[in-house]
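Subject: Structure handover

Hello,

Here is the structure I promised to pass on. Please open it first, then read my notes below.

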Amino acid sequence: MPFARLATATTPTCHIGLGLAAVGRPGYINLGRDEDLGENRTVDALRARTHELLDAAYAQGVRYIDVARSYGRSEEFLADWLGARPEIDDIVVGSKWGYTYTADWTTDAERHEVKDHSLATYERQRAESAGLLGERLDLYQIHSVTPDSPALTDKELHARLAEAAAAGVSIGFSTSGPAQADAVRAALAVTVDGEPLFRTVQSTYNILETSAAPALAEAHDAGLTVIVKEGMANGRLADPYAPDALKAVAAETGLGCDAVALAVILRQPWAGVVLSGAATAGQLASNLHAAVVDLDEDQLARLAGLVEEPQAYWARRGQLPWH
């Protein structure tokens, strides 16, 4: 698997990856984004910002980069960066298909992305991703699988995904919504010719939303690499929005709320890669401090008290506006 290339001995921050959802397009649902990006969100401005983030991430030991067809021009920006740095050959690149970006580089579109897990969408988007990333694409994931997703039962799609796997691309899936655990377990049961299809799972997990943990542990035990997304709960766990208990623990550690929130995830034995969704180099540097946060049992207990019911968490996430 490509994740075997993440060498902890030489790259202390290898378990932290960089996701480009927040900088690959002008609109997203993260809190504080107006301050993070400002008014200049032209293609060239976000391309430059993305390249700055990638330079900073690589220099600080990050080796996994996460993009998607629906993240605006994230694949294009990453491809440009990789093309200008042919000497960099130890990056693991993951992308996702299943959503089509429809906002046309605006922040006030009626719909920013359209979900479709059909075989036709896979074939179209696979060609688009290949056209940009070529052989640099290590992992291709179905974007936001839910228990009712047709991607879990479409045998023809499974066969095509297995063909891609045989050609050297790892196949994974991501999950969203209050039934993530059900989606993970259903995906673990998908096989082609008696062999498990999926090699990775990417799910939302943070100190507010922990419901997928048992299923992610099962996935890890089954040999999948677990990638954790939305560790900052779309900005809800960052200053100044963080709950008081998190702010108090962060003050005790002398580090940021973001570093503490991500450190809790890094402690999970099943967590293979934890994504930073930083929009600025400063945020990224702060996120990467998660690797050195030391939390005691009392602090962990106080943070555990912040857990929300999944339905409530996802209802609130669904109400976040696109900025």
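Gly172 has Thr200 as its bridge partner in strand S10. Thr200 belongs to S10, which covers residues 200–204. Strands here are DSSP runs of E with at least two residues, helices are DSSP runs of H or I with at least four, and both are numbered from the N terminus. Strand S7 (residues 170–175) pairs with S10 in the parallel sense, over 3 bridges. Two strands count as paired if DSSP finds at least two bridges between them.

A word on the source: this is a predicted model, where local features need pLDDT of at least 70 and side-chain atom pairs count only at pLDDT 80 or more, while totals for chains, interfaces and linings use all residues. Residues are numbered from 1 along each chain as its sequence is written, and side-chain values use heavy atoms, with hydrogens and water left out.

The barrel

Which strands close into the barrel? There are 8, in the order S1-S2-S3-S6-S7-S10-S11-S12, and the pairing is parallel. Neighbouring strands of this sheet are turned by 25 degrees against each other on average, direction ignored. For such angles, axes are lines fitted to C-alpha atoms (for helices over the stretch in contact), and angles run from 0 to 180 degrees between N-to-C directions.

Around Thr200

Thr200 is buried, at a relative accessible area of 0%. Buried means under 20% relative accessible area, exposed means over 50%, and partly exposed is in between (1.4 Å probe, protein chains only). Setting aside neighbours within four places in sequence, Thr200 has contacts that include Met1, Phe3, Leu139, Ile171 and Leu224. Contact means heavy atoms within 4.5 Å.

On the S11 side, Thr200 stands opposite Thr225. S10 and S11 run parallel and are joined by 5 bridges. Together with helix H7 (residues 213–221), S10 and S11 make a right-handed β-α-β unit. Right-handed means this: with the strands pointing away from the viewer, the path from the first strand over the helix to the second runs clockwise.

Strand S11

S11 spans residues 225–229, and 5 of its 5 residues are buried. In a regular strand the side chains alternate between the two faces of the sheet. Both faces of S11 are covered: Thr225, Ile227 and Lys229 are buried on one side, Val226 and Val228 on the other. S11 also pairs with strand S12 (residues 273–276), in the parallel sense and over 2 bridges. There, Val228 has Val274 as its bridge partner.

Strand S6

S6 covers residues 139–145, and 7 of its 7 residues are buried. Strand S3 (residues 92–97) pairs with S6 in the parallel sense over 4 bridges. Ser95 stands opposite Tyr140 in S6. S6 and S7 run parallel too, joined by 5 bridges. One such link sets Val145 opposite Thr175 in S7. The chain goes from S6 through helix H5 (residues 155–166) to S7, and this β-α-β crossover is right-handed.

Rings and charges

How many aromatic pairs does the structure hold? It holds 9. Rings of Phe, Tyr and Trp (its six-membered ring) pair if their centres lie within 6.5 Å; planes under 30 degrees apart are stacked, over 60 edge-to-face, and the rest tilted. Tyr28 and Trp322 have ring centres 5.9 Å apart and planes at 80 degrees, so this pair is edge-to-face. The two residues are 294 apart in the chain: Tyr28 is in the loop between strand S1 (16–19) and helix H1 (33–37), Trp322 in the segment after helix H12 (310–319). Tyr28 is buried at 11% relative accessibility. Trp322 is partly exposed at 27%.

Ring pairs also link Trp97, Tyr122 and Tyr140 into a cluster. The charged end of Arg126 sits over the ring of Tyr140, 5.4 Å from its centre. Arg63 does likewise over the ring of Tyr58, at 3.7 Å from the centre. A charge sits over a ring if NZ of Lys or CZ of Arg is within 6 Å of the ring centre and within 35 degrees of the ring normal.

Backbone notes

The peptide bond from Asp239 to Pro240 is cis, with omega near 0 degrees. Pro240 is in the loop between S11 and helix H8 (244–253). Ala233 is in the loop between S11 and H8. Ala233 has a positive phi of about 50 degrees, although it is not a glycine. At 1% relative accessibility, Ala233 is buried.

Best regards
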